[in-house]
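Trainee: Could you take me through one part of this model up close? I'd like to start from a single residue and work outwards.

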Amino acid sequence: MKQLQEKGSKKHIPLPDDYKKYLAVYTTEYDDTYVLETISSLDMEVLRDTISERSERIMEAQFNFDVKDDTAGFKEKEQIVKIRKLNKKIGDNLKRLYGYRCQICGRRIGEEYGSHVVEAHHIDYFVKSLNNDASNQIIVCPNHHSIIHDVDPVFDRGRLLYIYSNGFEEKLVLNQHL
């Protein structure tokens, strides 16, 4: 007598004596449902006789010839791609003008490593204004650049400072071009 374990309880499935050679258990699309197929000694002999003169590769091809792959194909997507085109030299010249220092905190990041890490930031975002003039850029350290993009403060051009939504104001400590 064969036993099938299912969710903590044992189910006994009695099989006739002539089917006690093999039991094939197949899963289904349902988690708790299986298909059981008995394979007798006679079935095994017929299978051995059928495949005895054939190669394994040919037999596998015959067994799997009708398998379909419904996931195969092409995925087409139509979209508009915006390419940011600007003169990078303007930002690079401003970086040199400020000695690679952040205009907000005055720090030169990376100096101890022999590096200068500053970034050109568009006061009025380039994607909206398309203004790449030096009068629309400031040089900031990566921390201030991330904070500005995260919080989106208002830049007061008259007082040369950022006003954050919590009321905090941060003035430019370096300015030679605005």
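Which residues does I104 touch, not counting those up to four places away in sequence?

Mentor: Sure, and keep in mind as we go that this is a predicted model. Leaving out residues up to four places away in sequence, I104 touches I138, V140, H144, I148, Y162, E170, K171, L172 and V173. Several of those names come back when you look at the largest nonpolar core, which has 13 residues. I104 is among the members that touch the most other members, along with I138, V140, I148, F155, Y162 and L172.

Now zoom out a bit. The chain has 178 residues, and 21% of them count as buried. Its secondary structure comes to five helices and nine strands, and along the sequence they run β-β-β-β-α-α-α-β-α-β-α-β-β-β. As for contacts with a separation of 6 or more, 41% of them in this chain link residues 24 or more positions apart. On the outside, the accessible surface is about 14,200 Å², with carbon and sulfur atoms making up 51% of that.

For a contrast with the core, go to S165. You'll find S165 in the loop between strand 8 (161–163) and strand 9 (169–171), so Y162 from the core list sits within the numbering of strand 8. Why call S165 exposed? Because its relative accessible area is 75%, and anything over 50% counts as exposed. One last distance for your notes: S165 and D152 lie 13 residues apart in sequence, and their C-alpha atoms are 8.4 Å apart in space.

Note on methods
Residues are numbered from 1 along each chain as its sequence is written. This is a predicted model: local features need pLDDT of at least 70, side-chain atom pairs count only at pLDDT 80 or more; totals for chains, interfaces and linings use all residues. Side-chain values use heavy atoms; hydrogens and water are left out. Helices (H or I, at least four residues) and strands (E, at least two) are DSSP runs, numbered from the N terminus. Buried means under 20% relative accessible area, exposed over 50%, partly exposed in between (1.4 Å probe, protein chains only). Contact means heavy atoms within 4.5 Å. Accessible areas come from the Shrake-Rupley method with a 1.4 Å probe; for residues, only the protein chains shown count as cover. A nonpolar core is a set of buried Ala, Val, Leu, Ile, Met, Phe, Trp, Tyr and Cys residues joined through side-chain atoms within 4.5 Å.
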